[in-house]
Amino acid sequence: MTKTSATSTLPPELFAFGREVLNEDAIKVCEMLNYALTTRPLAHVSLACGDDNWVAGSLQTLRIRFNTASGWQEKLRFRIKIPAETIEVRAGARCFMPAANTGLVRVTVGAASAVTLTSFTNATNGTEHSTVITLVGSGYQEVLVEMNHSVGADLSYLRTFRLEEVPLVAASLLDPGDD
Amino acid sequence: MVFDGRQSGHPDAKLIYPYVCHPSAPLTGFAFGQILEIAYFCAHNSASPVIDTYYPVAWRSQNAFKSRMLILSLSFVRVAEGFRYIPNEATHLVCESTFTVFDAVQEASAFHRVCTSIGGVVNGATVETYISVETGALGQGFSTLDSDIQSEIGRGRYSPYGPREQTFTVKCELALTAGQAGRHDTEIYVESYAIDRAGSNALSYFPQQYTVWWEAR
């Protein structure tokens with residue numbers, strides 16, 4: 001069975017009493033239901049983590065700073081529940097780095113390999129770096145976020161962090177159950 | 001205009017009629033209409049979180065209060081931010097803001113708006129919260145505040161002259177325009193500030209928690 005997800009234009013008379021029903025009508029309805037499911041990715045975490053003045057006049061939120069010394073350090077650890085049809089999540093972060101400082105953020109989800117985001121520098125302060133992580137299995141998975149102040153020792157911090165599901169592709173929809 | 005289940009009836013929770021589900025019942029287009037209505041009801045009511053922003057200092061003892069924990073700006077300051085994939089069917093971004101205002105000597109207002117960065121900065125509608133105070137003998141404290149209740153929930157007092165803080169929760173929303181709707185992986189943020197009637201910031205704004213979600217209406 002080909003699993004598809006699409007928006008369709010259904011014939012208006014389909015919904016009238018007495019109208020004959022064709023196989024393709026059922027397929028179109030199925031496609032629309034699949035579309036609604038596949039394009040609604042769930043956000044597991046989306047946090048503002050900035051220190052004081054992450055924009056002018058603003059206040060510290062979670063205040064997650066880079067260490068002054070280099071080396072990986074655990075900053076966040078939490079569990080998320082992954083539905084069976086989800087195969088990928090997107091991990092993204094934005095950091096504040098002063099000039100001549102470089103920071104790294106590494107994300108591990110469950111049994112998947114740790115992924116290090118593109119390094120953060122002063123030039124990328126306004127930019128979120130994100131990556132797609134292919135999951136190993138589903139259900140409850142532990143997420144670990146680590147940070148490494150690889151260059152420099154000035155005050156630097158994580159500004160935002162998010163982890164959300166990537167919109168599904170139709171092929172990853174669960175197979176219908178057998179009667 | 002696309003004709004779909006939305007035109008088939010009000011998108012409200014309902015059961016599929018039992019006779020439709022009977023093993024001997026013929027399949028009809030009407031049954032499809034009911035199936036789609038229920039699907040739209042689910043979409044309509046399953047608001048999805050977009051960003052959560054917390055100010056943990058709000059939960060500490062207020063003995064530790066410092067002016068740096070207050071937003072003193074006279075214009076919009078960013079208080080929450082995040083990135084999120086917005087799907088096609090989302091029509092609104094909604095923000096619920098929880099904040100405290102301090103030490104007002106006269107009527108004041110707090111302003112909130114939720115914004116996206118799609119196609120440059122597009123600001124949502126500003127929501128104003130009017131804050132009234134009473135002119136009592138102790139100076140001007142917020143009229144609805146009960147100092148005993150205040151102590152009971154552990155907030156303490158900021159001013160020695162009497163209770164002068166009040167916590168609010170307000171909603172503001174951004175109706176996504178044609179340019180903002182659709183599949184976007186974008187930055188979303190919330191801005192706010194508070195100001196008194198004289199146009200100064202004698203009233204101070206203390207952010208606590210902001211949650212943004214999208215809705216399909």
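How many residues of chain B are in contact with chain A, and how many of chain A with chain B? In this predicted model, 50 residues of chain B touch 43 residues of chain A. The model as a whole scores ipTM 0.83 and pTM 0.79.

The size of an interface is often given as the accessible area lost when the parts come together. Here chain B and chain A bury about 3700 Å² between them, and 61% of that area is on carbon and sulfur atoms. Nine residue pairs between the two chains are in polar contact, counting pairs with both residues at pLDDT 80 or more. On the side of chain B that touches chain A, the elements giving two or more residues are helix H2 (29–45), strand E1 (48–54), strand E2 (77–86), strand E8 (184–196) and strand E9 (204–215) of chain B. By residue class, this side of chain B divides into 29 nonpolar, ten polar and eleven charged residues.

Salt bridges come next. Six are counted between chain B and chain A, while the structure holds 17 over all chains. Asp185(B) lies in strand E8 of chain B and Arg90(A) in strand E3 (residues 88–96) of chain A, so this pair joins two chains. The side chains of Asp185(B) and Arg90(A) form a salt bridge, with an N to O distance of 3.8 Å.

Within chain A, an open sheet is formed by four strands in the order E2-E7-E4-E5, with antiparallel pairing. Strand E2 (72–82) and strand E5 (115–116) of chain A are at the edges with a single partner strand each, so one side of each has no neighbour in the sheet. The partner of E2(A) is strand E7 (residues 139–151) of chain A; ten bridges join these antiparallel strands. One bridge in this pairing sets Phe78(A) opposite Val143(A) of E7(A).

How far can each chain be read? Chain A has a mean pLDDT of 88, and 97% of its residues reach 70 or more. Among the elements of chain A, strand E4 (residues 102–109) has the highest mean pLDDT, 97, and helix H1 (residues 23–38) the lowest, 79.

For chain B the mean pLDDT is 69, and 59% of its residues reach 70 or more. Confidence in chain B is highest in E2(B), at 89, and lowest in helix H3 (residues 147–152) of chain B, at a mean of 36. Over residues 134–163 of chain B the pLDDT is below 50, and this stretch has 47 contacts in the model beyond near neighbours in sequence. Residues 1–11 of chain B also stay under 50 in pLDDT, and the model has 23 contacts for them beyond four places in sequence. Where pLDDT is low, the predicted coordinates should not be read in detail.

Conventions. Residues numbered from 1 in each chain as written. Chains lettered and ligands numbered in written order. Heavy atoms only, no water. pLDDT = per-residue confidence, 0-100. Pairing = 2+ DSSP bridges. Contact = heavy atoms within 4.5 Å. Buried area = accessible area lost by both parts, 1.4 Å probe. Salt bridge = Lys/Arg side-chain N within 4 Å of Asp/Glu carboxyl O. Polar contact = N/O pair within 3.5 Å; in protein donor to acceptor, adjacent residues only side chain to side chain. Nonpolar A, V, L, I, M, F, W, Y, C, P; charged D, E, K, R; others polar.
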